[in-house]
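Student: Please take me through one part of this model closely. I would like to see how the main core is put together and what surrounds it.

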Amino acid sequence: MIAVPSFGGRVPALATQRLSSIHGDQARCALVCVYGNRAYEDTLIELNDTAMQCGFRVTAAVAAVAEHSIAHQYAAGRPDEQDKTVLHAFAEKIKEKLENSPETVSAPEIPGNRPYKKAGGGGLIPKADSDCTLCGLCAESCPAQAISKENPKETDNSKCISCMRCVAQCPQSARKVNSIMVSAVALALKKACSVRKEPELYL
């Protein structure tokens, strides 16, 4: 299984870069993209193309919903029990497809556009405030290695991908983004994110 978050309807460039170093050797795989209840747009088709270029055989794709990483009021508490039931059923269907066609498994028709939509910039860079104890957990958990391990209050803005993992991981709630900018993002997303989206399976 190859799983990525959807950032602005695209696979994060860092994820594409790391995935490209893997050799699939024709192994069968299922793709998963997780998005914050807005839209995943070209994420799955881009992930499909990247996986195929790496030598994987894509057999299924899933779009799943999780709480929005910036505007937490959207898809709050998801994946919930309803999601888990649906995703478990998806897993059973994927397993059945693989068992019924062990040698030749047809590729799913995955939605998306080529060329992909233009990738947007992150823009929201979390900063440490006075509550920071320099424990270093944020630096350890940062997937982009954008936070200095020697001084966790320092962030390399050019590396930060605005994933907000450091905000979620900080035990002191000491890493934050500008509240005015977060409010602006939430307002911009309100129309697209207010209606519940459901997980989708492509076989």
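Tutor: What follows starts with the core, then takes the helix that feeds it, then the backbone of the loops.

This is a predicted model, so local features need pLDDT of at least 70, side-chain atom pairs count only at pLDDT 80 or more, and totals for chains, interfaces and linings use all residues. Residues are numbered from 1 along each chain as its sequence is written, and side-chain values use heavy atoms, without hydrogens or water.

The largest nonpolar core has 22 residues. A nonpolar core here is a set of buried Ala, Val, Leu, Ile, Met, Phe, Trp, Tyr and Cys residues joined through side-chain atoms within 4.5 Å. Buried means under 20% relative accessible area, exposed over 50%, and partly exposed in between, using a 1.4 Å probe and protein chains only. I2, L31, Y40, L44, L47 and I110 touch the most other members. Four elements, β1 (2-5), β2 (28-35), α2 (43-53) and β3 (57-65), each supply at least two residues of this core. Helices (H or I, at least four residues) and strands (E, at least two) are DSSP runs, numbered from the N terminus.

Take L31. Contact means heavy atoms within 4.5 Å. Leaving aside neighbours within four places in sequence, L31 is in contact with I2, L44, L47, N48, A51, V58, A60, A61, V62 and I110. Apart from this core lies another, of 10 residues, among them I125, C138, C142 and I147.

Now α2. This helix is mostly covered, with nine of its 11 residues buried. They are T43, L44, I45, E46, L47, N48, D49, T50 and A51. These buried residues pack against β1, α1 (13-19), β2, β3 and β6 (200-202). Just after α2, G55 takes a positive phi of about 95 degrees.

Next, the loops. The peptide bond from R78 to P79 is cis, with omega near 5 degrees. P79 is found in the loop between β3 and α3 (81-100). Another cis peptide bond joins R114 and P115, with omega about 0 degrees. P115 lies in the loop between α3 and β4 (127-128).

Two non-glycine residues also have positive phi. Q26 has a phi of about 65 degrees and lies in the loop between α1 and β2. Q26 counts as partly exposed because its relative accessibility is 47%. L134 has a phi of about 60 degrees and sits in the loop between β4 and α4 (137-141). L134 is at 47% relative accessibility, so L134 too counts as partly exposed.
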